Structure formats: structure tokens, C-alpha cells
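Subject: Structure handover

Hello,

Here is the structure we spoke about. My notes follow below it.

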Protein chains: 2
Amino acid sequence: MKTRFALLSSLFLILVLVGCTNTPTPAAPTVAVDPLPSWNDGPAKRAILDFVKTTTDKASPKFVAPEDRIATFDQDGTTWVEQPIYSQVLFAFDRVAEMAPQHPEWKTKMPFKAIVTGDKEAIAKFTLMDIEVIAMATHTGMTTEAFGPIVKDWMAKAKHPRFDRPYPQMVYQPMLEVMKYLRDNGYRTYIVTGGGQDFVRAYAQQVYDIPPEQIIGSALDIQYTYNKEGQGILMRDPKLLLNNDGAGKAEDIYLFIGKHPKAAFGNSAGDRQMLEYTQAGDGASLEMLVLHDDATREYAYGPAQGLPDSKVGTFPQALYDEAKRKGWTVISMKNDWKQIFAWEK
Amino acid sequence: MKTRFALLSSLFLILVLVGCTNTPTPAAPTVAVDPLPSWNDGPAKRAILDFVKTTTDKASPKFVAPEDRIATFDQDGTTWVEQPIYSQVLFAFDRVAEMAPQHPEWKTKMPFKAIVTGDKEAIAKFTLMDIEVIAMATHTGMTTEAFGPIVKDWMAKAKHPRFDRPYPQMVYQPMLEVMKYLRDNGYRTYIVTGGGQDFVRAYAQQVYDIPPEQIIGSALDIQYTYNKEGQGILMRDPKLLLNNDGAGKAEDIYLFIGKHPKAAFGNSAGDRQMLEYTQAGDGASLEMLVLHDDATREYAYGPAQGLPDSKVGTFPQALYDEAKRKGWTVISMKNDWKQIFAWEK
């Protein structure tokens with residue numbers, strides 16, 4: 001027996017040396033691991049599981065070739081919290097406060113004055129134009145290299161006003177699971193956001209495990225120029241190139257990817273065209289919309305289904321009706337999500 | 001011995017069952033296969049081999065993380081023939097001839113008249129504006145879905161005026177080898193072309209093994225709208241969104257990829273900023289410019305190094321001098337390329 005043991009030992013050694021112990025082990029006995037543990041059993045979870053199963057099974061008529069496996073996710077309200085206001089707007093407000101010493105004129109000039117003086121009433125009355133003025137003043141006039149670290153720094157420090165946690169913790173655990181599940185099955189996951197492309201790129205790898213080239217967002221018309229040392233730099237000038245919202249989402253998916261996604265996830269009127277464009281492709285597709293109907297654990301707003309109206313992330317009844325008519329799945333946060341945030345008990 | 005043999009046999013069986021025989025075999029004995037057989041030994045070939053070796057060796061100070069391995073290639077004059085005129089311009093001219101029956105007004109309206117009547121003298125005098133007018137008339141007014149097949153059809157039929165071969169055969173074999181060699185070493189290869197993004201996307205998978213999302217080109221401002229059946233469609237409207245040439249190449253690489261390439265290949269003044277932007281990134285980089293100095297096997301034009309001047313793919317002396325000053329490698333077609341086309345004897 002000793003010889004046999006020695007022989008086994010040396011064979012084991014050879015296995016280790018040729019790296020055989022790193023070989024994937026054979027298919028484990030069928031203790032199926034749930035890829036979506038934060039989802040309650042129900043039509044939404046089943047739609048995702050069915051979609052992945054049928055589109056990755058070569059024998060299925062709905063099989064999707066690996067190169068066509070593309071899934072797009074809206075960000076605000078779909079992968080993380082967008083209430084009471086988009087994170088990027090809070091970022092811009094914080095930037096105004098930080099930049100104020102270099103801009104004494106802001107003390108008397110609206111809309112900056114409202115932020116500098118902490119006039120909450122005036123802030124609440126900001127128009128879209130006010131926010132655009134603030135966004136341009138705080139997001140431009142620097143190189144692309146300088147902008148990323150500013151965002152990263154804010155993401156580490158700033159906290160959500162209600163939940164008192166940094167934004168990277170305000171991501172929805174069920175959506176992280178869907179992203180990973182899709183990637184594990186050969187899908188490339190993209191963020192397709194009305195928010196700033198460079199803003200999201202600064203943290204998307206860390207938060208979503210998605211690289212910069214798979215972030216499609218609203219984008220400035222960046223200008224290539226030269227610094228004093230004669231080195232080429234990219235300047236963030238105050239001019240918008242892409243408004244990646246509504247029809248812009250379908251247009252920009254085509255611009256960046258050149259084909260229809262196979263799965264698309266959204267939550268508001270601005271995602272309608274992305275879902276339509278997804279469904280317009282050949283073969284199988286999955287379209288999902290998050291309905292925020294859980295005021296206790298997150299927020300409740302629509303106005304679809306009698307939920308309170310909201311200026312941020314509007315989900316109109318017409319979109320709800322289109323979803324029902326076209327076979328899109330509406331995700332009820334309240335009923336479909338067992339857990340919303342990773343840090344929940 | 002028999003027992004030992006039996007033991008070995010059953011162990012071998014186990015190895016087969018657990019899939020160990022599929023494990024990559026240990027490093028093969030050093031019969032090195034040349035990844036660049038169409039290149040003559042010389043500084044250009046050595047620069048490519050050195051770059052790949054040092055940037056993929058974890059022990060090297062020039063190691064590049066897999067996620068940052070991005071290589072960008074200009075197309076016309078860099079990966080395939082651009083003389084006597086860009087393939088896309090010939091495509092547009094052929095489209096005019098094909099569309100003429102639906103446009104009786106073209107018989108008398110310049111610049112279309114010149115093409116319809118075959119007036120070579122007038123065609124030779126076309127301005128950039130004439131070509132733009134022709135491009136817009138032949139490339140727009142259809143859905144994105146309709147455009148691709150038109151290009152594919154032309155690529156299969158049209159032949160190069162001198163070499164009498166379809167354009168997919170006018171690609172440079174040495175560049176195909178570089179692309180494959182880079183991909184085999186974890187680099188993602190992008191085409192970054194002044195040509196139309198959708199034009200190149202129509203054949204890039206077939207010709208370069210590059211998927212649509214890795215084609216960055218000049219792009220129309222595509223519009224999402226609805227057809228009579230109420231289905232969402234993308235219309236090619238006659239408005240340019242991205243002019244992907246010169247500074248536009250650096251800007252659009254940033255827009256699409258969000259980071260500096262590690263390697264960039266070009267051949268003309270329009271590639272300068274792409275190479276500058278590549279070199280401006282941290283760490284190792286490779287910048288190469290193809291000099292067309294082989295009138296016998298292909299074409300000879302500059303005007304750098306005393307070569308004849310050319311309106312198409314100008315390589316000015318200033319670019320040549322910048323290359324020498326900055327350590328970019330100039331590829332001499334005549335000296336560095338053993339074989340230019342795959343079909344050459």
C-alpha cells in the first residue's frame with residue numbers, strides 16, 4: 001500500500017505541476033444555486049430566468065449568438081436611487097459650494113446664489129434651465145483627466161439625504177444580481193443613462209463592474225487642444241453633444257453598439273424608446289421597467305397605477321399601458337424585490 | 001507491474017473524466033511561430049514584437065493591464081488601399097448611377113450630372129463640397145437597417161480600378177497579422193476612421209474580424225422616429241454628428257472608449273492627433289505610421305521624404321518629422337512589408 005500511496009502522491013504532484021488542479025471541476029451535482037436571491041418568486045424573476053435560459057440554449061429557437069448578447073440598463077431609478085433628486089444634481093450643488101470662493105459673483109447671481117446662501121425655497125423652485133446652468137458651470141472648463149477624480153472623491157464622501165449612505169451603496173442589489181447573471185451567461189452589460197457619461201464612468205467599474213466603453217450617457221462635445229507644454233489634451237467645453245434620454249437612448253445605442261440590445265431595463269418615460277428599440281430587433285428580447293411602489297423601503301412614485309406624481313423619473317400611466325400591451329415586464333419593487341439594498345438586514 | 005499499470009490506467013481514466021486532458025499543455029518546446037510572417041525583419045516589426053512582449057509580461061515595468069489593452073487603426077491607407085480615391089467615394093459614385101433613374105433632375109444638375117454622364121474631367125475637378133453633396137444624397141433618406149445591405153452588396157461586386165479585385169481583397173495582409181497578433185495577446189482592436197461608421201461596420205466583421213461596437217467613424221445624426229405601422233425606426237438624416245478625422249479621432253476615442261489607446265496605427269495627417277493622444281497616456285505605447293513608398297506593388301505618395309504629393313491620404317513632411325522626434329515608427333511599405341496583399345504570389 002505504501003508504494004501505491006507513493007505513486008498516487010507523485011501523480012498528484014504531476015497534476016499540480018501541470019496545473020490540472022486548476023481545471024474546472026465537472027458539473028456539480030444539481031444543487032442549483034439561485035442567481036437572483038434578492039428576487040421573490042414571481043413573474044419578473046421568472047421572465048429573467050426564462051430569457052437567459054432560452055437565449056443561451058443552442059437547441060432553443062430563441063438562441064442568441066454570443067456576439068449579439070447585449071443588455072442595456074438605465075441608471076437613475078433602475079440601478080440606483082434617483083429620489084429625492086438625481087445624484088449628479090447633488091454633485092453639481094456640492095461643486096457650487098466648493099467652487100464658490102473662486103466665484104465671488106455667485107453670492108449675488110442666481111441660480112448659484114440660492115445654493116451658496118442655502119436658500120432651500122429657491123432651490124426647490126429651480127427650473128431645468130437653472131440646473132443646466134449649474135451643471136455646465138460645475139462640469140466644464142477642465143480637462144477630461146481632471147474631472148474623473150473630482151467625481152470619485154464626491155462618490156466616496158457624499159451621502160444620500162435620507163439613507164445617510166454614500167451613493168455607491170444606494171445601488172439596487174437585485175439589479176446587481178441581474179447584471180452579474182447576464183454577464184455569467186455571455187451578455188455584455190451596458191449602462192445607458194440620461195446622466196453624464198463621464199460622471200458615471202468615474203465609478204461604474206467599482207459600482208457595477210462595467211468598464212468605461214460600456215457606459216453610454218449624455219456627453220459634452222469634448223475638444224482636443226494643446227496645453228502650454230504642447231501636449232494634446234481634451235477639454236470639457238460647455239456644449240452638449242449627446243442628450244442621451246428618450247429617443248436619444250435608441251439613437252446612441254445604435255451609435256455606440258450598432259445593433260439592437262436583447263435586453264433592456266428602465267423605469268421611466270425616458271426609457272421608452274430604448275425598450276421599443278430593443279423589442280424591434282429580430283428574435284427574443286426582454287424588456288423590463290422598475291415601478292417604484294415601496295415608500296417604506298425606498299420611494300413610491302408614478303403617476304402610473306395611482307402612485308404619487310414625481311418630477312424625477314416619471315413613470316406615466318401611458319408607459320404602463322404600453323408595457324402591458326407589448327409584453328414588457330413591470331417590476332414591482334414592493335413585491336418582486338426581497339431585498340433592495342445590500343446593507344439591509 | 002501490472003497492478004501499477006492498472007492503477008495508472010484508472011487514474012488516466014479519472015483524468016479524462018474530470019477533463020484534465022483538456023488542460024493547456026505545458027509551454028511547448030521553443031519552435032517559435034512568427035506571428036508576423038508578411039513583415040521583413042527590421043525596426044518596424046521589432047517595435048511591434050517588443051511592444052507586445054513587454055506590455056503582456058507581468059514582470060515587465062511596461063506591463064499593461066488587460067482592461068487597458070486597446071489598439072486603434074485608421075482604415076484608409078492604413079489597413080487597406082485608399083488610392084486613387086477612398087472606396088466610400090467610389091461607392092457613392094456607383095450609388096448615384098444606380099439611383100439616377102429615380103432622379104431625372106440629376107441629368108442636368110451638378111455634381112450628379114458629371115457622374116451620370118460619365119464626365120471624367122468634371123469628376124476630377126470635384127471639390128470636397130461636391131463629394132459631400134454626393135455622399136449625403138446617397139447615404140441618407142433611409143433607415144439604418146436598409147443601409148447595411150446596400151454596402152455589403154457593393155463590397156461583393158465593386159472592384160478596385162487598378163487591381164481589379166473586390167475591396168475586401170485590398171486589405172493589407174501585414175496589418176491583418178498585427179491585428180490578430182494583438183488580439184491573441186488580449187488587445188481589443190478598434191477601427192478609427194474618417195470614413196462613415198456605418199459603411200465600415202457593414203463589412204468590418206468579415207474583413208477585419210472586428211465587431212460593430214469597435215468601429216468608430218464619422219457618423220450621421222441618426223433620428224429615432226416611427227414608421228406607418230407605429231414601429232420605432234432609426235432614420236439616416238443628412239446631418240453629420242461626428243467628423244472623425246484629425247482632432248475628431250482623439251475626441252471620439254475618448255467618447256467611445258473613455259481612455260487612451262496603448263497602440264495606434266495611421267498613415268496621414270488626419271491620424272496625428274490619434275497618435276498624440278495615444279502617446280499622452282500613462283506607461284508604454286506604440287505609435288506607427290504607414291508610408292506609401294512602393295509604387296510598384298501599391299502606391300507612392302507623401303509628400304514626406306520627397307514622395308509625390310497626394311490629395312488623398314496626405315503624409316506631410318511635418319508629420320514625418322514629428323514621428324522621428326517623438327519616437328513613432330514609420331513603416332516603409334517597400335522595405336518593411338514582405339507581402340502586401342494575401343493574393344500576391
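I start with helix H12 of chain B, where Ala318(B), Lys324(B) and Arg325(B) are exposed on one side. Please keep in mind that this is a predicted model. On the other side of H12(B), which spans residues 317–326, Leu319(B), Tyr320(B), Glu322(B) and Ala323(B) are buried. Seen down the helix axis, these buried residues fall within an arc of 160 degrees, so they line one face of H12(B). This fits the general pattern: an α-helix has 3.6 residues a turn, so residues three or four places apart point the same way.

What do the buried residues of H12(B) pack against? Their partners in chain B are helix H11 (272–279), strand E8 (286–291) and strand E9 (329–332). Just after the helix, Gly327(B) has a positive phi of about 80 degrees.

In chain A, Asn244(A) sits in the loop between strand E6 (240–242) and helix H10 (247–257). Asn244(A) counts as buried because its relative accessibility is 0%, under the 20% cut-off. A polar atom of its side chain lies 3.3 Å from the backbone oxygen of Ile216(A). Residues that Asn244(A) touches, beyond four places away in sequence, include Val192(A), Ser218(A), Lys249(A) and Asp252(A).

Last, the nonpolar core. The largest one has 63 residues, and those with the most contacts inside it are Phe256(A), Phe315(A), Leu255(B), Phe256(B) and Phe315(B). Leaving aside neighbours within four places in sequence, Phe256(A) is in contact with Gln197(A), Ile216(A) and Leu242(A) in chain A, and with Arg201(B), Glu213(B), Leu255(B) and Phe256(B) in chain B.

Regards

How values were computed
Residues numbered from 1 in each chain as written. Chains lettered and ligands numbered in written order. Predicted model: local features only at pLDDT ≥ 70, side-chain atom pairs only at ≥ 80, totals over all residues. Heavy atoms only, no water. Helix = DSSP H or I, 4+ residues; strand = E, 2+ residues; numbered from the N terminus. Buried < 20%, exposed > 50% of the residue type's maximum accessible area, 1.4 Å probe, protein only. Polar contact = N/O pair within 3.5 Å; in protein donor to acceptor, adjacent residues only side chain to side chain. Contact = heavy atoms within 4.5 Å. Arc of directions from axis to C-beta. Core = buried A, V, L, I, M, F, W, Y, C linked by side-chain atoms within 4.5 Å.
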